[in-house]
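Please examine the sequence and the three-dimensional model shown below. The explanation begins with the interior and then turns to the loops and the aromatic rings.

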Amino acid sequence: GGLADVSEIKGHRRTYIGALPGKLIQALKLCKTSNPVILIDEIDKIGKGGVQGDPSSALLEVLDPEQNSNYLDHYLDVPYDLSQVMFICTANMTDTIPRK
């Protein structure tokens, strides 16, 4: 489990074969509303970054009210307003959640 790749949050750039939007944009499309409740389970198991980027920074961009009104999914490549989305996050241990 856990999230290890930024593209799961921010999507793939369209230059890649099999590129897709990130899971958030996919969820918004599925539920057909711009103000859903989205549960992010086990936020404490986010990867530390590396070749695939830093998922904790991408998640901060999603959860931070100062930034999420101009969320940019790499696949869409246009700003999308996530400020009306209610995010609920769960964790088993808070000491493993990255703090920036």
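The following paragraphs describe the nonpolar core, two backbone features and the aromatic side chains.

This is a predicted model. Its largest nonpolar core comprises 16 residues. Those with the most contacts inside this core are Ile9, Leu24, Val62, Tyr71, Leu82 and Phe87. Two or more core residues are given by each of helix H1 (6-10), helix H2 (23-31), strand E1 (37-40) and helix H3 (55-63). In soluble globular proteins, nonpolar side chains tend to be buried together.

Leu82 may serve as a point of reference within this region. Residues up to four places away in sequence left aside, Leu82 is in contact with Leu24, Leu28, Val62, Asn68, Ser69, Tyr71 and Phe87.

Attention now passes to the backbone of the loops. In the loop between H2 and E1 lies Lys32, a residue that is not a glycine and yet has a positive phi of about 55°. Lys32 counts as exposed because its relative accessibility is 74%, and the cut-off for that class is over 50%. A positive phi near 55° also occurs at Glu42, again in a residue other than glycine. Glu42 belongs to the loop between E1 and H3. With a relative accessible area of 29%, Glu42 is partly exposed.

The aromatic rings remain to be considered. How many aromatic pairs does a search of the whole structure find? The search returns zero. A charged side chain does, however, lie over a ring: Arg14 is placed over the face of Tyr75, 4.3 Å from the ring centre.

Methods: Residues are numbered from 1 along each chain as its sequence is written. This is a predicted model: local features need pLDDT of at least 70, side-chain atom pairs count only at pLDDT 80 or more; totals for chains, interfaces and linings use all residues. Side-chain values use heavy atoms; hydrogens and water are left out. A nonpolar core is a set of buried Ala, Val, Leu, Ile, Met, Phe, Trp, Tyr and Cys residues joined through side-chain atoms within 4.5 Å. Buried means under 20% relative accessible area, exposed over 50%, partly exposed in between (1.4 Å probe, protein chains only). Helices (H or I, at least four residues) and strands (E, at least two) are DSSP runs, numbered from the N terminus. Contact means heavy atoms within 4.5 Å. Rings of Phe, Tyr and Trp (its six-membered ring) pair if their centres lie within 6.5 Å; planes under 30 degrees apart count as stacked, over 60 as edge-to-face and the rest as tilted. A charge sits over a ring if NZ of Lys or CZ of Arg is within 6 Å of the ring centre and within 35 degrees of the ring normal.
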